[in-house]
Amino acid sequence: KKVADRYLKREVLGEGTYGVVYKAIDTQTGQTVAIKKIRLGKQKEGVNFTALREIKLLKELNDPNIIELSDAFPHKGNLHLVFEFMETDLEAVIRDRNIVLSPGDTKSYLQMTLKGLAICHKKWVLHRDMKPNNLLIGSNGQLKLADFGLARLFGSPDRRFTHQVFARWYRAPELLFGTKQYGPGVDVWAAACIFAELLLRRPFLQGSSDIDQLGKIFAAFGTPSSSQWPDMVYLPDYVEYQYVPAPPLRSLFPMASDDALDLLSKMFTYDPKARISVQQALEHRYFCSAPLPTEPDKLPRPA
Ligand code: ADP
């Protein structure tokens with residue numbers, strides 16, 4: 001079945017938040033693509049705006065580490081977004097027990113994640129939904145940020161965003177304390193969780209509720225003191241937690257190199273104002289010390 005006289009529909013790839021994603025062949029180029037179908041019309045107006053925002057953002061973000069939007073068109077009351085087809089995602093890589101990730105492989109996946117984020121942040125865009133299954137991997141091994149459905153310009157006048165946007169395990173502490181004025185630091189925290197997940201091969205901080213999520217964070221890094229994070233006590237949902245001391249970070253990541261641990265601890269800084277930026281993280285010595293990041297086409301991927 002053809003869509004808009006150009007795309008030959010194949011199987012459904014998955015169900016997203018706003019609609020079905022299916023595989024298709026672009027008859028003009030012969031290439032395989034992924035088409036995200038978003039219902040338009042009488043529905044909730046919000047879906048329209050979200051979709052339009054996604055289109056505009058993606059067109060502005062032209063980068064090897066960001067998913068390419070090749071076409072967008074309405075068809076039979078649905079908005080169709082055409083993306084380059086991606087073979088797998090980072091969640092599948094991390095979960096695959098047949099895959100061994102060397103320190104260079106982990107470094108490469110983190111570097112590509114941060115490079116994609118750096119472009120977002122340079123254009124004043126927050127990703128806001130960083131998690132391993134939103135990091136798609138192409139046939140050449142390149143990792144690309146996807147799913148900008150929740151992204152939003154953070155330079156816009158209305159900075160009072162909703163804070164329930166992240167998958168809980170990747171949520172920064174300021175979001176869990178209900179901050180309404182968050183910045184690029186929320187993506188850095190999420191990237192740190194993904195870094196930790198690459199090292200551990202399982203999600204690092206698996207909270208079962210927002211309160212439990214904070215508990216897991218404090219158990220890992222110790223309860224934040226007000227000298228560590230002066231603005232914490234002014235956050236809307238701040239409550240005082242029982243004091244927990246920080247165990248040595250080394251004890252949580254026994255296999256990580258000193259450079260890896262140093263970068264990880266800077267990304268996991270409590271105070272978002274003191275947290276390392278994506279650009280600074282990319283300049284960290286971890287990325288230029290041995291072993292160097294693995295070339296993307298040499299990275300292990302699911303069979
Ligand atoms: P969600 O909104 O739940 O985060 P998406 O709408 O982005 O998910 O995508 C739903 C599913 O479709 C994904 O889990 C993935 O399996 C598949 N998918 C999305 N984009 C692509 C793509 N570019 N190439 C291949 N598969 C994709």
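Which cysteine sulfur is closest to that of cysteine 120, and how far away is it? I began my notes on this predicted model with that point.

**Entry 1: cysteines**

I looked up the sulfur of cysteine 120 and found that the closest cysteine sulfur belongs to cysteine 193, 17 Å away, which is too far for a bond. A disulfide would need the two sulfur atoms within 2.5 Å. Cysteine 193 is likewise in no disulfide, with the sulfur of cysteine 120 as the nearest one. I noted 0 disulfides for the structure. I then checked accessibility. Cysteine 120 counts as buried because its relative accessibility is 0%. Cysteine 193 counts as buried too, at 2%.

**Entry 2: the chain as a whole**

I wrote down 9 helices and 11 strands for the protein chain. The chain has 303 residues, and 50% of them count as buried. Next I looked at contacts with a separation of 6 or more: 65% of them join residues 24 or more positions apart. The accessible surface is about 14800 Å², and carbon and sulfur atoms hold 52% of that.

**Entry 3: strands at the start of the chain**

I followed the chain from strand β1, residues 2–3, to strand β2, residues 7–15; the two pair antiparallel over 2 bridges. Lysine 2 is set opposite leucine 8 of β2. These strands make a hairpin with 3 residues between them, and alanine 4 in the turn has a positive phi of about 55°. β2 also pairs with strand β3, residues 20–26, in the antiparallel sense, through 6 bridges. There, glycine 14 faces valine 21 of β3. I added a reminder for myself: strands of a sheet pair through backbone hydrogen bonds, either parallel or antiparallel.

**Entry 4: an open sheet and helix α3**

In what order do the 3 strands of the open sheet come? I read the order as β7-β9-β10, with antiparallel pairing. β7 (88–89) and β10 (143–145) are the edge strands, each pairing on one side only. Between β7 and β9 (residues 135–137) I found 2 bridges. Aspartate 89 has leucine 136 in β9 as its bridge partner. Helix α3, residues 103–122, packs on this sheet and touches β9 and β10; its direction makes about 35° with that of β10.

I picked threonine 106 as a residue within α3. Threonine 106 counts as buried because its relative accessibility is 4%. Beyond its neighbours within four places in sequence, threonine 106 is in contact with Leu101, Phe195, Leu198, Leu199 and Tyr286.

**Entry 5: helices α5 and α8**

I checked the length of α5. Its 16 residues, 185–200, reach 22 Å from first C-alpha to last, close to the 22 Å expected at 1.5 Å a residue. Why is α5 largely enclosed by the rest of the structure? I counted it so because 14 of its 16 residues are buried. Arginine 201 follows α5 and has a positive phi, near 65°.

For α8, residues 258–267, I listed Asp259, Ala260, Leu261, Leu263, Leu264 and Met267 as buried. I then looked up what covers these buried residues: the cover includes α3, α5, α7 (249–252) and α9 (278–282).

**Entry 6: methionine 232**

I located methionine 232 in the loop between α6 (210–221) and α7. Is methionine 232 buried or exposed? At 4% relative accessibility, I put it down as buried. Leaving out its neighbours within four places in sequence, methionine 232 is in contact with Phe177, Pro224, Ser225, Ser226 and Tyr238. I also compared its position with that of phenylalanine 83: the two are 149 residues apart in sequence and 40 Å apart in space, C-alpha to C-alpha.

**Entry 7: backbone angles**

I noted tryptophan 124, which has a positive phi of about 65° although it is not a glycine. Tryptophan 124 lies in the loop between α3 and β8 (125–126). It is exposed, with a relative accessible area of 53%. Arginine 128 is not a glycine either, and has a positive phi of about 70°. Arginine 128 is in the loop between β8 and β9. Unlike tryptophan 124, which is exposed, arginine 128 counts as buried, at 4% relative accessibility.

Last, I looked at the peptide bond from alanine 290 to proline 291, which is cis with omega near -5°. Proline 291 belongs to the segment after α9.

Terms used
Residues are numbered from 1 along each chain as its sequence is written. This is a predicted model: local features need pLDDT of at least 70, side-chain atom pairs count only at pLDDT 80 or more; totals for chains, interfaces and linings use all residues. Side-chain values use heavy atoms; hydrogens and water are left out. Buried means under 20% relative accessible area, exposed over 50%, partly exposed in between (1.4 Å probe, protein chains only). Two strands pair if DSSP finds at least two bridges between them. Helices (H or I, at least four residues) and strands (E, at least two) are DSSP runs, numbered from the N terminus. Contact means heavy atoms within 4.5 Å. Axes are lines fitted to C-alpha atoms, for helices over the stretch in contact, and angles run from 0 to 180 degrees between N-to-C directions. Accessible areas come from the Shrake-Rupley method with a 1.4 Å probe; for residues, only the protein chains shown count as cover. The expected span of a helix is 1.5 Å times one less than its number of residues.
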